[in-house]
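Work through the exercises below with the sequence and model open. Each task is followed by a solution in steps.

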Amino acid sequence: MKKLILLAVICLFSSALFAQLSSPVNFGLHAGLVSTKMDTKMPSVSEVKDKADNGMMLGAFLRINLNKWYLQPELNYVSRKSEVVVSGVSGDVKTKSMDIPMLLGYKLVKLPAFKLRAFAGPVASFNIDDSFSSALKQRFEDEDLKGAVWNAKVGAGVDVWKLTLDVDYEFGLSDVSSEFLKKNKMFNVTLGFKLF
């Protein structure tokens, strides 16, 4: 009798898990680390170096499943930091933005409790705030960052039950400012959880 009850519970749990995992729409929250390198071009200065620095991302995603394909719009708050060295003087450029990626993905491996995915798509990035460290303020006093820029990202991810792990490379399609700050290059690692 106990074996029959245990078997019934396992069957019910398995069918409920499979129904949840094969849902046509998923909604979840995610957070991650962002490593950003901001290209800087200053023709009047001979020595300019750009170094990657770490920031963070918090956001939400909606995944619309279309068999092996999926569409994933996101809304993310992103805090980026990049180190810039101008003629031996080092300082940070910090930006905060709301990013809206629109990703098209394909499930390379699609099992009930495990998926391996690849994805790509454009990202609209809307600047909320920016700042230059005191060492760079004089160099960039007239620098005005654009209110919105376009980026693109390509990456891969895995889903294990409700957990998601994504690794992607994001690169700028448009310059960050009209003068010295050019396109961003970002490496992102994101951990998420599907609420449904």
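**Exercise 1. Classify tryptophan 150: is tryptophan 150 buried, partly exposed or exposed?**

Solution. This is a predicted model, so every value below is computed from predicted coordinates.
- Step 1. Take the relative accessibility of tryptophan 150, which is 49%.
- Step 2. Compare with the cut-offs: buried is under 20%, exposed is over 50%, and partly exposed lies in between.
- Step 3. Tryptophan 150 therefore counts as partly exposed.
- Step 4. Place the residue: tryptophan 150 lies in strand E6.
- Step 5. List its contacts, leaving aside neighbours within four places in sequence. They are Pro122, Val123, Ala124, Gly172, Leu173 and Ser174.
- Step 6. Check leucine 173 by C-alpha atoms. Tryptophan 150 and leucine 173 are 23 residues apart in sequence and 5.3 Å apart in space.

**Exercise 2. Trace the pairing around E6 and E7. Which strands pair with E6, and which strand E8 residue stands opposite leucine 163?**

Solution.
- Step 1. Start with strand E5, residues 114-132. E5 and E6 pair in the antiparallel sense over 13 bridges. Within this pairing, lysine 115 stands opposite aspartate 159 in E6.
- Step 2. Move on to E6, residues 148-160. E6 and E7 pair in the antiparallel sense over ten bridges.
- Step 3. Fix the register with two positions. Valine 158 stands opposite leucine 165 in E7. Glycine 157 has aspartate 166 in E7 as its bridge partner.
- Step 4. Inspect the turn. The hairpin of E6 and E7 has two residues between the strands, and tryptophan 161 takes a positive phi near 55 degrees there.
- Step 5. Finish with strand E8, residues 181-194. E7 and E8 pair in the antiparallel sense over nine bridges. Leucine 163 stands opposite phenylalanine 193 in E8.

**Exercise 3. Sort the residues of E7 by face. Which residues lie on the covered face, and which on the uncovered one?**

Solution.
- Step 1. Recall the rule: in a regular strand the side chains alternate between the two faces of the sheet.
- Step 2. Read off the covered face of strand E7, residues 163-172: Thr164, Asp166, Asp168, Glu170 and Gly172.
- Step 3. Read off the uncovered face: Leu163, Leu165, Val167, Tyr169 and Phe171.
- Step 4. Link back to the pairing. Asp166, on the covered face, is the bridge partner of glycine 157. Leu165, on the uncovered face, stands opposite valine 158.

**Exercise 4. Analyse the rings. How many aromatic pairs are there, and what is the geometry of phenylalanine 27 with phenylalanine 196?**

Solution.
- Step 1. Count ring pairs with centres within 6.5 Å. The count is three aromatic pairs.
- Step 2. Take phenylalanine 27 and phenylalanine 196. Their ring centres are 5.9 Å apart and their planes meet at 25 degrees, so the pair is stacked.
- Step 3. Locate the partners. Phenylalanine 27 is in strand E1, residues 25-40, and phenylalanine 196 is in the segment after E8. The pair links distant parts of the chain, 169 residues apart.
- Step 4. Classify phenylalanine 27. Its relative accessible area is 28%, so phenylalanine 27 is partly exposed.
- Step 5. Add a charge over a ring: arginine 63 lies over the face of tyrosine 70, at 4.9 Å from the ring centre.

**Exercise 5. Compare the surroundings of glutamine 72 and leucine 103. What does each one touch?**

Solution.
- Step 1. Place them. Glutamine 72 lies in strand E3, residues 69-86. Leucine 103 is in strand E4, residues 89-110.
- Step 2. Classify them. Glutamine 72 has a relative accessible area of 2% and is buried. Leucine 103, at 3%, counts as buried.
- Step 3. List contacts beyond four places in sequence. Glutamine 72 touches Phe61, Leu62, Arg63, Pro101, Met102 and Leu103. Leucine 103 is in contact with Tyr70, Leu71, Gln72, Glu74, Phe119, Ala120, Gly121 and Lys153.
- Step 4. Add the polar term. A polar contact of 2.7 Å joins the side chains of glutamine 72 and glutamate 74.
- Step 5. Check one C-alpha separation. Leucine 103 and tyrosine 70 are 33 residues apart along the chain and 8.3 Å apart in space.

**Exercise 6. Summarise the whole chain. How many helices and strands are there, and in what order do they run?**

Solution.
- Step 1. Count: two helices and eight strands.
- Step 2. Order from the N terminus: α-β-β-β-β-β-α-β-β-β.
- Step 3. Burial: 39% of the 196 residues count as buried.

Definitions and conventions
Residues numbered from 1 in each chain as written. Predicted model: local features only at pLDDT ≥ 70, side-chain atom pairs only at ≥ 80, totals over all residues. Heavy atoms only, no water. Buried < 20%, exposed > 50% of the residue type's maximum accessible area, 1.4 Å probe, protein only. Helix = DSSP H or I, 4+ residues; strand = E, 2+ residues; numbered from the N terminus. Pairing = 2+ DSSP bridges. Contact = heavy atoms within 4.5 Å. Phe/Tyr/Trp six-rings, centres within 6.5 Å; stacked < 30°, edge-to-face > 60°. Lys NZ or Arg CZ within 6 Å of the ring centre and 35° of its normal. Polar contact = N/O pair within 3.5 Å; in protein donor to acceptor, adjacent residues only side chain to side chain.
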